[in-house]
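The following exercises concern strand pairing, side-chain exposure and cysteine geometry. Each task is followed by a solution in steps.

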Amino acid sequence: MAAHSKSFLCSCSSVASSKWLDAHYDPVANLYTFSSCIALSDLHGDGENKLVVGDLGTGVCNMKLKVYRGTGLLSESTLLDLPTGLVSFLMDLHEPRTPAIAVASGPFIYVYKNLRPYFKFTLPSLEVNPLEQDVWSQAKEMSLPSSPTLMDVTGQFDVEFRITVACRNGNIYILRRDSPKPKYCIELSSHPVGLVRMGKNVVVGCTHETLHGYTQKGKKLWTAYLPAPVTTMALMELPTRGFQAVLVGLANCEVHMYRDKNLISTIKTPDVVTSICFGRYGREDGTLIMTTKGGGLIVKILKRTAVFDDRDSATGPPIAQSIRLNVPKKTKLYVDQTLRERENAVAMHRAFQMDLSRLRLAAARAYVKALESSLTPMSASLTEPLKMNAVVQGLGPSFKLTLNIQNTAACRPVMNLAISFLYDENLYSMRTAFFKIPLLVPGLNYPIDTFVECLSDKGISDIIKVFVLREGKSAPLLTAHINMPVSEGLALN
């Protein structure tokens, strides 16, 4: 078997390849199993975990219990029937305590110790213990509207427990202690194919290539869309780092790693992955073991320097949209204000509408006043549509004042215009306070320059008013108020 093993360099992205070491790949390992028939256990008490697999074979023959050490097959034992479950447990009290392996196969439970057959238990039809009868009676009272397919149990029976069950009707039911019927119900848009509990949340993979996250009470938290159907799911947990994630095997020969709804890593495989197991293998804590549809075995080791970012590597909206807001708890003041708003809703709405109407009236009056005094940057006249802005340059006492005037008409020129300045003659003096504007062609910007001299050295400033006039009319077309800066220079004698 070792002759067929070879190293496999997966063509994954640079981010994923920098986190995993390709330890072993055997495409002809002939392993056909489920996640319930895989365990990692220290069978010899030497601190080195072995991989124990209940192989289904062809479903009719070649059912075996296989034990792997490192990259090689350590031993194998023939099973008489299909294995349905495999678990590692301690059965001795004296030191050194080495775990044994129990395999459920047909109507028997086989116990292996030191990789050799130790016990064979036949499940007898005995009378049920009264205490056990009460337990099963309580469990029997918890009825479901459909047949269960996936199940997750957490908690203690005597204290508090939760049973999360995915049923064939496409719904997920959550049972709690002393509750004969489901406490919560999650209605899915498609049938579930995977169920993993991560902390206080439940992650569900569905047939419509989606991954959903729910709370213990059935509240939907997020949805992630997958590029292919889900084949298997498993929990990835590193207690030493306090890290948890969900591993999702897809039908496109990829394994996606999700933390909440964020895709943090992608692993490409040579075949479709059918089972995933993550844990301590050998002396490595972060070992990922996968079996493929063709019977292959893949072993990868997580680098000790690997760091997973919470940033989503998939294309989509930014991660800021997925951050939950820290909503504070309802205080007594908040509750009192809510009750007051409920009791005085009509009066508060009327007061709001009244204030809104007053605001609109004040804005309309200010707008009319600006139009009447020509204080807007654009003229309101349809015959002389003008636009003007002013720029002041210099530190003082001499300033350069530039007026940019533009005719915004489509094709009609404007002529016979003049500019006049109004200012405090005790503070400022201008070389030209009144001059005419040449003909304004539509669409062109006409800069008009003039110079302003500050006469005061007391560090004060004032406003200079600019009027754009038309011959024969007393009302200006445009008016601009220029806030002059404080003179910072010294006048030369």
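**Exercise 1. Strands β12 and β13**

Determine which residue stands opposite Ile172 in β13, and describe how the side chains along β13 are arranged.

Solution. The residue opposite Ile172 in β13 is Ile186. The model examined here is a predicted one. Next, consider the pairing as a whole: β12 and β13 run antiparallel and are joined by four bridges. Then follow β13, residues 184–187, along its length: Tyr184 and Ile186 point to one face and are buried, whereas Cys185 and Glu187 point to the other face and are not. Finally, turn to Tyr173, which belongs to strand β12, residues 171–176. Its relative accessibility is 7%; the limit for a buried residue is under 20%, so Tyr173 counts as buried. Tyr173 and Glu187 are 14 residues apart along the chain, and their C-alpha atoms are separated by 8.8 Å.

**Exercise 2. Cysteines**

State how many disulfides the model contains, and explain why Cys185 does not form a bond with Cys167.

Solution. A disulfide requires two cysteine sulfur atoms within 2.5 Å. For Cys185, the closest cysteine sulfur is that of Cys167, at 8.7 Å, which is too far for a bond. By the distance rule, the count for the model is zero disulfides. As to exposure, Cys185 has a relative accessibility of 40% and counts as partly exposed. Cys61 is also partly exposed, with a relative accessible area of 38%.

**Exercise 3. Two open sheets**

Give the strand order of the open sheet that contains β18 and of the open sheet that contains β25, and identify the edge strands of each.

Solution. Begin with the sheet that contains β18: this open sheet of four strands has the order β18-β19-β20-β21, and its pairing is antiparallel. Its edges are β18 (230–238) and β21 (262–268), each of which pairs on one side only. From one strand to the next, the twist averages 25°. Within this sheet, β20 (residues 254–259) pairs with β21 in the antiparallel sense over six bridges, and Glu254 has Lys268 of β21 as its bridge partner.

The other open sheet, also of four strands with antiparallel pairing, has the order β25-β26-β30-β28. Here β25 (386–393) and β28 (428–430) stand at the edges; each has a single partner strand, so one side of each lacks a neighbour in the sheet. Neighbouring strands are turned by 30° against each other on average, with direction ignored. Strand β26 (residues 398–407) runs antiparallel to β30 and is joined to it by nine bridges. In this pairing, Gln406 stands opposite Asn445 of β30.

**Exercise 4. Surface residues**

Locate Val441 in the chain, name the nonpolar surface patch to which Val441 belongs, and classify Tyr225 as buried or exposed.

Solution. Val441 is placed in the loop between β29 (434–437) and β30 (445–454). With a relative accessible area of 34%, Val441 is partly exposed. Residues of a patch must have over 30% relative accessible area. Val441 forms a nonpolar surface patch with Met415, Leu439 and Leu444, and together these residues have about 320 Å² of accessible area.

Tyr225 lies in strand β17, residues 220–225. At 68% relative accessibility, Tyr225 counts as exposed, since the limit for that class is over 50%. In sequence, Tyr225 and Glu209 are 16 residues apart, while their C-alpha atoms are 6.2 Å apart in space.

How values were computed. Residues are numbered from 1 along each chain as its sequence is written. This is a predicted model: local features need pLDDT of at least 70, side-chain atom pairs count only at pLDDT 80 or more; totals for chains, interfaces and linings use all residues. Side-chain values use heavy atoms; hydrogens and water are left out. Patches are made of residues with over 30% relative accessible area and no salt bridge: like charges are joined within 9 Å, nonpolar side chains (Val, Leu, Ile, Met, Phe, Trp, Tyr) within 5 Å. Accessible areas come from the Shrake-Rupley method with a 1.4 Å probe; for residues, only the protein chains shown count as cover. A salt bridge is a side-chain nitrogen of Lys or Arg within 4 Å of a carboxyl oxygen of Asp or Glu. Buried means under 20% relative accessible area, exposed over 50%, partly exposed in between (1.4 Å probe, protein chains only). Two strands pair if DSSP finds at least two bridges between them. Axes are lines fitted to C-alpha atoms, for helices over the stretch in contact, and angles run from 0 to 180 degrees between N-to-C directions.
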